[in-house]
Amino acid sequence: MPANQHRPPRGGIFSWWRQWSKKECTIAAVTFAVLLLTFTLSIISDSRTNANTNTNTDTISEWVPFTPLSKAQQNAAFCLDGSAPGYHMQRGFGSGSDSWLLHIEGGGWCNTISSCSSRKRTALGSSKYMDHQVQFSGLLSCNPLQNPDFFNWNRVKIRYCDGASFAGHPENEFKNGTKLFFRGQLILDTLMDELLSIGMSTARQALLTGCSAGGLATLIHCDDFREIMPKDANVKCLADAGFFLNEKDIAGNYTIESFYRDVVHLQGVSRSLNKDCVARSEPSKCFFPQEFIRSIKTPIFLVNPSYDFWQIRNILIPDASDPHGSWHRCKLNIYNCNPNQLEVLQGFRNSLLKTLGEFQQNEEAGMFINSCFVHCQTWMAETWHSPSSPRINNKTIAESVGDWYFSRKTAKHIDCPFPCNPTCYNMDFGHG
């Protein structure tokens, strides 16, 4: 059995009720996204992973306080439950004092009144449940050993509490007593205005990033971010695990397309989507990056695993497509997959690479497509930049992103198929 099979992130991915308030900068919140969306899709129900609280990464533990948006009430920019959204920020210093890195956290989406009502009783729908302090790690770290290119920038973690990748509009709110606020676009606009007012308006360099649903938000809003920044600033966008494929599941159903259609229609998302795409296609299709990424003018970097466990478990093999549970063990640990199942996963990888074919030809584009069974990889030191981080061509994700952002060299890295990469950080949900 390969040694890297048993390398789950520290802290326990399915023990987030215990870990949420103790160690924000673990993969716990990523799993919160998995749990929340899979609740609405009725997909994942019983997986757990082994907890390992040791770390071999030199980490600076500095708690960063929550800042509520000062004009949330004035602009009616509310989380799903009507509470004030906000962010966590560390000021830049030295050569990074006029550079800005914004990271949008992930957390899935809600597609029905019921699922949004459930969501508003969590930190992904209400600031009442958010930790008042979080730790920054990975690309948000102030430790140069962990974050060599961006450690001294102004770094902002944007909290996600709207359920539609910051693209919802109040016109679609229901006035039937549900008291749900679909204000994602207003939240983002208000937040950007606030950051501009406290120094971002004179930025020399800026990078908009996000993980999962936050990665999708990054792609949706990338050009708008470029528009509000100084014209002479170096502005780029990085989407981590935000390139969700519009693929049939193994039963031949478009489960994810149906889900996205409900999200878009419920929260009035179409107004925030790429106008060229919406003009030629049904709006919900334009929630898929493959439909609009060619229209984005701002330079983009994609970090995506070929075997994204979230996409495998929710797009390719939702529980409804596997009524007899023959894929259960495979979905918990990729090393449990039999040859026929691996062939299906290789087909999913081939679809991703085919879909990215045109993007790969873009001279300003960057990519790090590794063959790991994982989801978000930029916000943890273990996967972003550490001695044990995943590598392609002997480059970590952090080194590849730095090469691309600063135009040091071409950064288009595509891994060989699983299981060829011994540096992979593969999730194992089968322990515990």
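This passage walks through the fold, the empty spaces and a few notable residues of one protein chain.

The model is predicted: local features need pLDDT of at least 70 and side-chain atom pairs count only at pLDDT 80 or more, while totals for chains, interfaces and linings use all residues. Residues are numbered from 1 along each chain as its sequence is written, and side-chain values use heavy atoms, with hydrogens and water left out.

The chain has 14 helices and 10 strands; helices (H or I, at least four residues) and strands (E, at least two) are DSSP runs, numbered from the N terminus. Of its 432 residues, 64% are buried, where buried means under 20% relative accessible area, exposed over 50%, and partly exposed in between (1.4 Å probe, protein chains only). Among contacts (heavy atoms within 4.5 Å) between residues at least 6 apart in sequence, 76% join residues at least 24 apart.

Helix H14 (residues 397-405) offers a good look at a covered element: eight of its nine residues are buried. Among them are Ile397, Val401, Trp404 and Tyr405. The buried residues of H14 pack against several elements, including strand S6 (205-211), strand S7 (234-240) and helix H13 (381-384).

After H14 comes the loop that leads to S10, and Ser407 is placed there. Although Ser407 is not a glycine, its phi is positive, at about 55°. Ser407 counts as exposed because its relative accessibility is 59%. Another serine makes a helpful companion: Ser212, also not a glycine, has a positive phi of about 60°. Ser212 sits in the loop between S6 and H6, and it counts as buried because its relative accessibility is 4%. In the segment after S10 lies Pro419, and the peptide bond from Phe418 to Pro419 is cis, with omega near 10°.

Next come the empty spaces. Rolling a probe the size of a water molecule over the atoms shows where empty space is left. On a 1 Å grid over the protein atoms alone, a cavity is a set of points where a 1.4 Å probe fits but cannot get out, and a pocket is an open set with protein on both sides within 12 Å along at least five of seven lines; lining residues have an atom within 4 Å of a point. Grid points are joined across faces, edges and corners, and a volume is the space filled by probe spheres set on the points.

The largest pocket holds about 440 Å³ of space. Its lining has 24 residues, and the closest to the centre are Ile220, His221, Asp223, Asp224 and Ser272. Helix H6 gives the largest share of this lining, seven residues. By class, the lining of the largest pocket has 11 nonpolar, five polar and eight charged residues; Ala, Val, Leu, Ile, Met, Phe, Trp, Tyr, Cys and Pro count as nonpolar, Asp, Glu, Lys and Arg as charged, and the others, Gly among them, as polar.

Three cavities of 30 Å³ or more are counted. The second largest has a volume of about 40 Å³, and residues that line it include Phe243, Leu245, Phe348 and Leu352. Strand S8 (300-305) and H11 each supply at least two residues of that lining.

Helix H11 (residues 339-355) is also the place of Ser351. Apart from neighbours within four places in sequence, Ser351 is in contact with Leu245 and Glu247.
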